[in-house]
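Colleague: I am new to this structure and would be grateful for some guidance on how to read it. Could we go through its features one at a time?

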Amino acid sequence: MRLPLSLLAALGAAVLSGLAAVGRVTLFALATFRHMLSPPFYGREFLVALGNVGWLSLPVVGLTAFFTGGALALQIYAGGARFDAQAVVPQIVALGMVRELGPVLVGLMIAARVTSSIAAEIATMKVTEQIDALVTLSTHPMKYLTVPRVLAGIVAVPLLVGLGDIIGIFGGFTVGVQSLGFNPSVYIRNTWDFLEPLDVISSLVKGLAFGFIATLMGCYAGMRSGRGAQGVGRATKASVEGASVLILAANFLLTGVFFSL
Amino acid sequence: MIELAGVTKSFGANRVLAGVDLSVGRGRSLVVIGGSGTGKSVLLKCILGLEAPDAGRITVDGRDAATGDREAFLACFGMLFQGGALFDSLPVWQNVSFRLLRGALKRPRAEAREIAIEKLRRVGLSPDVADKVPAELSGGMQKRVGLARAIAADPQIIFFDEPTTGLDPIMSGVINDLIREIVSEMGATALTITHDMTSVRAIADEVAMLHGGVIRWTGPVAALDASGDPYVDQFIHGRAEGPIAALR
Ligand SMILES: Nc1ncnc2c1ncn2[C@@H]1O[C@H](COP(=O)(O)OP(=O)(O)OP(=O)(O)O)[C@@H](O)[C@H]1O
Ligand SMILES: [Mg+2]
């Protein structure tokens, strides 16, 4: 009798703390928007963040997308061969990359690369009293640290996703033409004719949402960091976990929304 | 004029401040002494609103520090943190002139740099330090950059958390003179934490001793040696024996 009760209590506590975390993240997101809409705006910090989130993520995004697109072409070819449908490779690669894999892969890569570095940087600033110092220098940490990074995520990640889509399709094209015997111009025409504007729009909207989530979670975990090196480590881990789970959940929701359109 | 009445602050079960009453007159220099871990840094953070006190009232020039216009309140403050708290992503001169590069006090970059180099000179640092990043400096140099940043915008109220810790005796003397000068020539109000009795005598108009979460003794610096308080006596003479336990 005792065991089930304590199990239930533990479950209840976990649910409650989960809900509390959701509430805190929501409030943090609202505060970010509020600070975004009121001056001052720190342009220099925004440009630096844009470089970190966007430009420096290009290599990892490009490589991930290329290899995934290539592998996807092989799998679809193998699967399609079972019912004589090898010819659909270009169409399915394009659809798979643009609607699903492009945004998700880029989102997760950004969570690994950008969320973690934002969280570690801000947490270290918190631990070494740099955030307190900002306040005493009449600078709001949300405006100076969070807003530029989140804005950079919102601007840069959709662009990265668009680029990832193209590179992924190119990966499929390379494999298709080099080893599966597709005619290059037919491959390109089939891809181009098949994709609809809504596919591309859904890809970019997902990118926007994932960029927001990834940068927001980095800032949130960093700002809430505990004391010491351990606090920084925990904040970094929590930020990547939170961002990854939220990105996949948002992907599920957004896919549902676009599916019903 | 800074006034504290009945300020308390606990971290969980750890009751750090248990009813602090303190006042610093405008243009005066108060030094707070007290054992390590007694809550001196927490006291400064409460006044600045970086930590929220659990109870009590803090007023600056009659205005409540917690409510009211935080912008205007912070605009007249300068703070040297115990650990320096320099921004490691910015070069030294941009740390020093942080306030002058953005916000209400914004100046042209060249002018802000000039001021930064001038403030660095005042804390005994040569101009070639200006373009280094904080990680390239020694602990004592970082402390002095933090000091230069605290005074960069000529604040009316300045808090120094252990300004001479980690400095050699000559540099300590330079910093003591600087703090004295800021108070007597620029009319600033200063609240300094230090363990260095030479500094106390060089900087202070008044001295307050924090112990057991309350102000144990306060009085003019001239009365420090004849305070008649066994806690103060033990502290200023650095005796291991006395009412203050060595283990805390
Ligand atoms: N953010 C915090 N969370 C939990 N405890 C804290 C926090 N800040 C300070 N404390 C505790 O408050 C007490 C006083 O700390 P404080 O830093 O004010 O000491 P101090 O008097 O400045 O000591 P020192 O002379 O060594 O700098 C310590 O016991 C410390 O552990
Ligand atoms: Mg301290």
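Modeller: Certainly. Please keep in mind that this is a predicted model. We may begin with burial in chain A, where buried residues make up 46% of the 261 residues.

Colleague: What does the secondary structure of chain A come to?

Modeller: A count of helices and strands gives the outline of a chain. Chain A has 9 helices and 0 strands, and its pattern along the sequence reads α-α-α-α-α-α-α-α-α. The C-alpha trace of chain A spans about 65 × 60 × 35 Å along its principal axes.

Colleague: Which residues does a cis peptide bond join in chain A?

Modeller: Here one reads the angle omega. The cis bond joins A:Pro39 and A:Pro40, with omega about 0°. A:Pro40 belongs to the loop between helix H1 (2-36) and helix H2 (43-53) of chain A.

Colleague: I should also like to understand backbone angles. What is the phi of A:Glu129?

Modeller: A:Glu129 is not a glycine, yet its phi is positive, at about 65°. This residue lies in the loop between helix H4 (89-127) and helix H5 (130-136) of chain A.

Colleague: Is A:Glu129 buried or exposed?

Modeller: To decide, one compares the relative accessible area with a cut-off: buried means under 20%. A:Glu129 has a relative accessible area of 17%, and therefore it is buried.

Colleague: Where in chain B does B:Asp154 lie, and what is its phi?

Modeller: B:Asp154 is a residue other than glycine with a positive phi, near 45°. Its place is the loop between helix H5 (139-151) and strand S7 (157-161) of chain B. B:Asp154 is partly exposed, because its relative accessible area is 45%, and the partly exposed class lies between 20% and 50%.

Colleague: Where is A:Leu137 found?

Modeller: A:Leu137 is in the loop between H5 and helix H6 (141-179) of chain A. With a relative accessible area of 8%, A:Leu137 is buried. Separation can be read in two ways, along the sequence and through space. A:Leu137 and A:Leu50 are 87 residues apart in sequence, and their C-alpha atoms are 25 Å apart in space.

Colleague: Let us turn to the ligand. Between which chains does ligand 1 lie?

Modeller: Ligand 1 lies between chains A and B, and it sits in the largest pocket. The elements that give two or more residues to the shell around ligand 1 are strand S2 (14-24) and helix H1 (40-48) of chain B. Of the elements, H1(B) gives the most to this shell, with 3 residues.

Colleague: How many residues surround ligand 1, and which are the closest?

Modeller: There are 16 residues around ligand 1, and the closest are B:Ser36, B:Gly37, B:Lys40, B:Ser41 and B:Gln82. By class, the shell holds 3 nonpolar, 9 polar and 4 charged residues.

Colleague: Which atoms of B:Gly37, B:Lys40 and B:His195 should I inspect beside ligand 1?

Modeller: One looks for pairs of polar atoms and reads the distance between them. For B:Gly37, a polar backbone atom is 2.8 Å from an oxygen atom of ligand 1. For B:Lys40, a polar side-chain atom is 2.8 Å from an oxygen atom of ligand 1. For B:His195, an N or O atom in the side chain is 3.0 Å from an oxygen atom of ligand 1.

Colleague: How much of the accessible area of ligand 1 does the protein cover?

Modeller: On its own, ligand 1 has 640 Å² of accessible area, and the protein covers 71% of this.

Notes
Residues numbered from 1 in each chain as written. Chains lettered and ligands numbered in written order. Predicted model: local features only at pLDDT ≥ 70, side-chain atom pairs only at ≥ 80, totals over all residues. Heavy atoms only, no water. Near = heavy atom within 4 Å. Polar contact = N/O pair within 3.5 Å; in protein donor to acceptor, adjacent residues only side chain to side chain. Areas by Shrake-Rupley, 256 points an atom, 1.4 Å probe, with all protein chains shown as cover. 1 Å grid on protein atoms, 1.4 Å probe; cavity = no way out; pocket = protein on both sides within 12 Å on 5 of 7 lines; lining within 4 Å. Sits in = over half its atoms within 2 Å of the grid points. Helix = DSSP H or I, 4+ residues; strand = E, 2+ residues; numbered from the N terminus. Nonpolar A, V, L, I, M, F, W, Y, C, P; charged D, E, K, R; others polar. Buried < 20%, exposed > 50% of the residue type's maximum accessible area, 1.4 Å probe, protein only.
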